[in-house]
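User: I'd like to learn how to read a few features off a protein model. Can we walk through it together?

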Amino acid sequence: MKTRPAASLLAASLTLAVFAAVPGRGQTPPEDAPPRAALRYAGDRNFPPYEYLDERGQPAGFNIAVIREAAARAGVDVAFELGEWSEMLSRFDRGEADMMMLGYSDDRAGRYALLREVWTLHQVVLLRPGDGDMPRDLGQLSEHTVAVLDRSLIHELLLALPEVQRPAIIPVPDQETSVRLIADGRATAAAGNSLTMRLAARRLGISGLRPISVKSLAYVLAARRGHEAGVSLVADAVGALEAEGRLAQLVEQHLTVGVEEEEPWHAYAAWVAGAALLAILLAAGVIVWNRSLAWEVTRRTDALERSELQYRNLVNNATDIIHETDAVGHFTFVNPIGHAVMGWEEGALIGVNYLTIVRPDWQERVVAHFRSEAREGRASSYIEFPVITRDTREIWIGQQTQPIVVNGALTGWQAVARDVTQLVLARTELRRERDFIHAVVDNAASLVIVVDRQGIVIAFNAACERVTGWGAAEVKGRPLWEVLYEGALAERLREAFADVDTVAFPIVQEVPIVTRSGAARLIAWVSSALPGDDGRPSFIVAVGSDVTEARDLERMKTEFVTIVNHELRTPLTSLKGSLQLLTTDDDEIDTAMRVELSAAALRNTDRLIRIVNDILDLSKIEAGHMQVHRVPTAIGDVAKEACSALEQFASDQRVALDASGLENLPRVSADPDRTIQVLVNLMSNAVKFSPEGSTVRVTAAVEGDMLRTSVIDQGRGIPRDRQHLLFQRFQQMGEEYQRKKPGTGLGLAIAKAIVELHGGTIAVASEEGSGSTFSFTLPLAD
């Protein structure tokens, strides 16, 4: 524009006027002052508004202004040289420049002396409008072609991506070129500094570019390691400028340029300079200075500075961690306690991605939490997660997070957090103890029920589920008497809970319950009260044992004693009578009668021996002392021995025995005597319950590596509901059977124990009215 030279002159005049008005600025050093050290500053010629060459080819921008004023304050001269970025960085590396402004990275912190943070740079990727779905981060750019400033920090980030996520990269000499490549279609995205590229897009007439926020990082004054001395003076002077508020004025002057303006930023320098000069001329014409206005400005400025100082002191001295990140999780601020808790040197976390300190297995959960918070628009949220400190310790952080939203767009996150490791460990231990108690209760053989003082079930363990058939979820929340009890017993229980304070605990009693299927079970309960703070029962804990089978066993033992008493008395009485007759001199007792009496005595003796042997065998079984001596045994020989032992008994019952066809079967590995005992028990039962004139048959067949032997009768059969009880001790077929066919009820239980000691099985198949088949298996001999 034609007005630019005049505008530049006005701006230069204004600058001189302003510096002349500030004490110590623009003045000539005293003649006796030491010679100033000459420092060389290297910068980017096309990185507006930070550093660039203006229309006259002179260095300009925020960085240049800051370094000039700081150098003047420090008493050093600085020579500025701006050129292509990658070349300037190379010259800096070669020692041909003393200082640069660099974005922070861990690599650069190791290579250079980073002396002073001056500002924060926001790195973005701009995408051409309409190019598919919007990526959320750098890792989703693999389908794009990205133009990026050569050797810039974001260039390094793109190169560090895994190959499958890395986009096609076009290195360019300046960031304006990267935006131009979007315009001509050679690139679908441009990566670099947010403000610089937006200004470039505006100058090139490109609109609608979509930004991905990548990283916010500290913009620092850097020197070469070992050559910091002179640059340190400038860095200290920058700190003084910040303390005085002058740095904030330079930020306002250079970095608050609107990207929606129609003219480039330097076109407005003339207007700003003209307006400022006009203000100075007007001020020069003022006769009376408004002292009250000056006092008010001073007062408010002082108040603002005090407020800012109080805020800084509050944040820096807080016992909680206070931090901010950009939209994608890079730290832009972390207070001292945050650095201390995480084990990092103060300032070292700036620019680090938040996820890098989160324990790897928790990273997806943390990302999902924040995405959910952003998606749902929550004002704040709380999360606890484990992090790894600088020295590889693991701690837990509890964090209250709030999104930072500007003009409807998420620009970052701010959070207050604290180390909650001890709290998490305490909760974990409490949860472990609770789980342990639950595991003990759930795996206990005893039934455990907990109810509140109203009788409502709140705990129902696995044993209760097994015994009652009810699931815990079905029972919880219901009154106990509605679930397990019926009739008068349920009503008494309901009345007891209506006045539970008067009940005397503990209570020990056996009470019948009703299962889900309607069956009755007898439970021995011990009920205790857990008192509350007022001493009254708050909860009732009932621990029970299912004694149904135990009480049935006691009943059966009682019946067994009665049966054995009868079984012993009968043969003993008969034996005694026979012996008494044999010892008399009565001539009426002839030889034939004496032979019959002797035979009767012998039979009753055998009967007594069998009963005693059964009782002794049962005792051995219960004690685990029964043994078998296995040898190759022919089942046909065993069957013949059993038939011989039962021949007289079968004849008396008028029942035939048939054990034919067993000669050619393979031998079994068995104890011959115990196998005979099994067959005798099975065959004697078959004879006992067979009708006169019928036949009891013994058969056998090979099944795999076992031999199955079966005893088949033609009796009345066994009811299905009684078959599962047959092989239990002391079991009889019922009173009707017992009266007609006496016995101890031990034979089948003993037979089962002997067969199982051989590694076999025993079974029954029967239908009422169709006879019964008892069978057992024994292993074949090798």
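Analyst: Sure. Let's start with polar contacts: a polar contact is a pair of N or O atoms within 3.5 Å, where, within protein, one must be able to donate a hydrogen and the other to accept it. Keep in mind that this is a predicted model.

User: Okay, which side chain makes a polar contact with the side chain of Ser775?

Analyst: That's Arg708, at 2.8 Å. Ser775 itself sits in strand E28, residues 772-779. Leaving out residues up to four places away in sequence, Ser775 touches several others, including Thr709, Ser710 and Ile762.

User: Is Ser775 buried or exposed, and why?

Analyst: Buried means under 20% relative accessible area. Ser775 has 9%, so it counts as buried. Arg708, on the other hand, is partly exposed because its relative accessibility is 23%.

User: What does Arg708 meet in a salt bridge?

Analyst: The side chain of Glu703, at 3.1 Å from N to O. Glu703 is partly exposed too, at 41%. Elsewhere, Glu81, Glu87, Arg91, Arg94 and Glu96 are joined into one network by salt bridges that share partners.

User: How many salt bridges does a search of the whole structure find?

Analyst: It finds 37. When you read one, check where its partners lie in the chain. Arg246 and Glu69 have their closest N and O atoms 2.5 Å apart. This pair links distant parts of the chain, with Arg246 in helix H9 and Glu69 in helix H2, 177 residues apart. Both Arg246 and Glu69 are buried.

User: And where do Glu554 and Arg551 lie?

Analyst: Both are in helix H19 (residues 548-582), 3 residues apart, or about one turn of the helix. Their salt bridge has its closest N and O atoms at 3.3 Å. Glu554 is partly exposed at 44%, and Arg551 is partly exposed at 28%.

User: Now strands. In what sense do E19 and E20 pair?

Analyst: For a pairing, look at the direction and the bridges. E19 (residues 507-514) and E20 (residues 520-531) pair in the antiparallel sense, over 8 bridges. For instance, Ile513 has Arg521 in E20 as its bridge partner. The two strands form a hairpin with 5 residues between them, and Gly518 in the turn has a positive phi of about 95°.

User: Last one: which elements have the lowest and the highest mean pLDDT?

Analyst: Helix H1 (residues 4-21) is lowest at 33, and strand E26 (residues 706-712) is highest at 96. For the protein, the mean is 81, with 82% of residues reaching 70 or more. Also look for low stretches: pLDDT stays under 50 over residues 258-291 and over residues 734-740.

How values were computed: Residues are numbered from 1 along each chain as its sequence is written. This is a predicted model: local features need pLDDT of at least 70, side-chain atom pairs count only at pLDDT 80 or more; totals for chains, interfaces and linings use all residues. Side-chain values use heavy atoms; hydrogens and water are left out. Two strands pair if DSSP finds at least two bridges between them. Helices (H or I, at least four residues) and strands (E, at least two) are DSSP runs, numbered from the N terminus. pLDDT is the predictor's confidence in each residue, from 0 to 100. Contact means heavy atoms within 4.5 Å. Buried means under 20% relative accessible area, exposed over 50%, partly exposed in between (1.4 Å probe, protein chains only). A salt bridge is a side-chain nitrogen of Lys or Arg within 4 Å of a carboxyl oxygen of Asp or Glu.
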